[in-house]
Amino acid sequence: MVTEPVRILVVGGGYVGMYTALCLQRKLKPELKRGEVEIVVISPDPYMTYQPFLPEAAAGSISPRHVVVPLRRVLGACRVIVGEVQSIDHAKRTASFTTLATAEEGTGALDIAYDELVLAPGSVSRTLPVPGLADHGIGFKTVEEAIGLRNHVIEQMDIASSTRDPAVRDAALTFVFVGGGYAGVEALGELEDMARYASRYYHNVKAEDMKWILVEASGRILPEVGAEMGKYTVSQLRKRNIDVRLETRLDTCEDRVAVLSDGARFPTRTVVWTAGVKPHPLLAATDLPLNERGRLKCTAELAVDGAPHAWGAGDAAAVPDVTAGEPGKECAPNAQHAVRQAKVLGENITASLRQQSLQEYAHKYVGSVASLGLHKGVAHVYGRKLRGYPAWFMHRVYHLSRVPTVNRKSRVLAEWVLSGLFKREIVSLGSLEHPRAEFELAAGGERPKES
Ligand SMILES: Cc1cc2nc3c(=O)[nH]c(=O)nc-3n(C[C@H](O)[C@H](O)[C@H](O)COP(=O)(O)OP(=O)(O)OC[C@H]3O[C@@H](n4cnc5c(N)ncnc54)[C@H](O)[C@@H]3O)c2cc1C
């Protein structure tokens with residue numbers, strides 16, 4: 001009698017999805033060889049994004065291709081489907097998903113059955129109903145957004161350099177970032193540094209002409225590095241003439257004017273929204289238990305609470321922090337937990353298939369490192385506080401050690417060495433976003449409008 005292989009379905013190809021699948025294909029090698037197990041990964045992109053490198057990609061220190069890891073190459077023993085899971089019926093052990101082909105064929109979603117489910121779709125930007133935000137805001141979670149923002153900033157400098165209208169120039173040179181976590185602070189720090197450098201090559205745009213504003217609703221920024229280093233970061237940013245506004249919110253950004261809760265008004269074409277994340281909406285389209293904040297209810301063994309054969313980890317999952325010493329505390333949504341949880345998750349699924357006992361996930365947060373631009377940084381790791389160049393250097397060493405695959409490590413290192421020897425790239429390739437524009441114009445169409 002031929003028995004069907006046990007199918008492990010991994011939803012999401014990010015930190016958790018990729019590392020769990022990597023661990024599973026290593027641990028379950030004999031079962032995979034004998035055809036007893038099958039691992040299927042469904043993710044909207046054929047690559048995993050190493051998000052901590054996005055600010056450096058935006059600054060041009062790392063090329064976009066090297067910030068991502070091709071799933072098909074690293075997950076050779078898995079079946080990778082580029083698609084989006086739309087809903088999950090765990091009672092029936094079925095997920096329904098769409099692909100680019102289903103959209104083209106108009107066939108609607110396809111169903112896939114599974115035996116074990118790893119649900120890791122991560123998080124999405126936590127937006128608020130701020131008027132104008134949906135029309136003008138820019139996020140900073142994907143490689144496309146990071147590169148789009150880099151092109152946009154340089155394009156604004158080109159507009160400012162060529163306009164004769166002072167109002168247009170002022171709006172073009174005003175950059176508003178909302179949210180003082182590491183995504184917002186690092187993105188602002190790196191982009192301001194890049195724009196400052198680029199301004200050397202403009203005859204009529206100086207670094208002092210630009211306004212960079214960081215808006216944070218709470219009284220501190222970078223909570224990940226602790227209160228003292230957060231204060232240090234504020235002072236460093238202010239020394240660079242960056243306008244850091246604490247206990248301030250963005251009220252509206254309609255008609256390209258950012259209005260803050262302290263009454264300030266900034267005409268601007270750039271509002272970057274990095275005010276936190278919320279669990280992925282896919283979780284609500286499942287029959288799995290969620291907590292009051294919409295995260296998947298998980299046990300310390302990374303199993304979904306009360307749903308046998310379902311597993312979760314990363315930003316999407318509420319995993320108890322067993323090191324906290326107080327009940328009800330959850331692991332924070334960050335890469336430090338995601339990557340370690342993925343390893344335990346892979347080992348636990350393997351153990352469960354082999355009827356062995358499961359281990360608890362226990363990791364005490366060790367602190368964080370953040371880059372604030374070239375040769376500038378801040379760190380608070382294992383109780384040690386570092387500032388400036390040493391922190392920046394540690395940031396690079398840490399992330400180089402963490403970025404997956406030797407191939408990626410070598411490419412990123414080579415880029416850093418080369419950018420140390422030669423000058424930085426300061427071109428905007430925004431036209432890459434409209435590859436057909438030139439041909440359409442030649443064929444009698446209209447030039448696309450600037451967004
Ligand atoms: C700019 C930036 C900088 C950061 N820097 C740091 C840092 O320095 N240190 C740190 O610890 N953390 C950092 N983080 C946070 C860290 O990247 C996240 O905590 C981590 O990526 C979470 O891993 P995850 O697997 O849960 O989610 P993700 O890595 O986001 O992966 C989710 C995956 O699910 C896929 N997916 C989404 N919807 C579906 C669907 N419907 N069907 C199938 N797949 C789907 C996504 O495409 C993605 O591949 C940073 C985040 C950002 C945005």
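Tutor: Two strands pair if DSSP finds at least two bridges between them. The model here is predicted.

Student: In which sense do β1 and strand β8 (residues 116-119) pair?
Tutor: Four bridges link these two strands. Pairing needs at least two. Leu9 stands opposite Leu117 in β8. The sense of the β1 and β8 pairing is parallel.

Student: What is the bridge partner of Val10 in β2?
Tutor: Strand β1 covers residues 6-11 and runs parallel to β2. Six bridges join β1 to β2. In β2, the partner of Val10 is Val41.

Student: How many helices and strands does the secondary structure of the chain come to?
Tutor: The C-alpha trace spans about 80 × 60 × 45 Å along its principal axes. Of the 451 residues, 41% count as buried. The secondary structure of the chain comes to 14 helices and 24 strands.

Student: What is the radius of gyration of the chain?
Tutor: For 451 residues the globule rule gives 22 Å. The chain's own value is close to that, so the chain is as compact as a globular protein of that length. Its radius of gyration is 23 Å.

Student: Which residues come nearest to the ligand?
Tutor: There are 33 residues around the ligand. They divide into 18 nonpolar, 11 polar and four charged. The ones that come nearest are Gly12, Gly14, Gln51, Gly122 and Gly314.

Student: Which elements give two or more residues to the shell around the ligand?
Tutor: Both helices and strands appear in this list. The strands are β2 (37-43) and β5 (79-89). The helices are α1 (15-27), α9 (182-198) and α11 (335-353). Together, the elements are α1, β2, β5, α9 and α11.

Student: Where does the ligand lie, given the domains that give residues to its shell?
Tutor: Domain 1 (6-124 + 278-353) gives residues to the shell. Domain 2 (133-275) gives residues too. The ligand therefore lies between domain 1 and domain 2.

Student: Which residues does the UniProt annotation "domain: FAD/NAD(P)-binding" cover?
Tutor: The annotation comes from an unreviewed UniProt entry. Over its range the chain is 31% helix and 25% strand. The end C-alpha atoms of that range are 18 Å apart. The annotation covers residues 7-342.

Student: Are the residues on the two faces of strand β17 (residues 270-273) buried or exposed?
Tutor: In a regular strand the side chains alternate between the two faces of the sheet. In β17, Thr270 and Val272 sit on one side, with Val271 and Trp273 on the other. Both faces are covered, and these residues are all buried.

Student: Which residue in β17 stands opposite Val178?
Tutor: Strand β10 (residues 137-138) runs parallel to β17 over two bridges, with Ile138 partnered by Val272. Strand β11 (residues 174-178) is also parallel to β17, over four bridges. Opposite Val178 stands Trp273.

Student: How many of the six residues of β23 are buried?
Tutor: Strand β23 covers residues 376-381. Strand β22 (residues 367-373) pairs with β23 in the antiparallel sense over six bridges. Strand β24 (residues 384-387) is antiparallel to β23 too, over four bridges. Of the six residues in β23, the buried ones number five.

Student: Which residue in the turn of the β23 and β24 hairpin has a positive phi?
Tutor: The β22 and β23 hairpin has two residues between its strands, and His375 takes a positive phi near 70 degrees. The β23 and β24 hairpin also has two residues between its strands. There, phi is about 50 degrees in Tyr382.

Student: Is Leu302 buried or exposed?
Tutor: Leu302 lies in the loop between β19 (296-297) and β20 (310-312). Its phi is positive, near 75 degrees. A residue needs 20 or more C-beta neighbours within 10 Å to be buried. Leu302 has 27, so it counts as buried.

Student: Is Asp255 buried or exposed?
Tutor: Asp255 is found in the loop between β14 and β15 (257-260). Its phi is positive, about 50 degrees, although it is not a glycine. It has 11 other C-beta atoms within 10 Å, so Asp255 is exposed.

Student: What separates the C-alpha atoms of Glu247 and Thr102?
Tutor: Glu247 lies in the loop between β13 (243-245) and β14 (250-252). With 12 C-beta neighbours inside 10 Å, Glu247 counts as exposed. Thr102 is 145 residues from Glu247 along the chain. Their C-alpha atoms are separated by 47 Å.

Key:
Residues numbered from 1 in each chain as written. Near = placed C-beta within 6 Å. Nonpolar A, V, L, I, M, F, W, Y, C, P; charged D, E, K, R; others polar. Domains from an automatic or database assignment. UniProt positions renumbered as here; feature names shortened; annotations may be inferred. Rg over C-alpha atoms; globule rule 2.2 N^0.38 Å.
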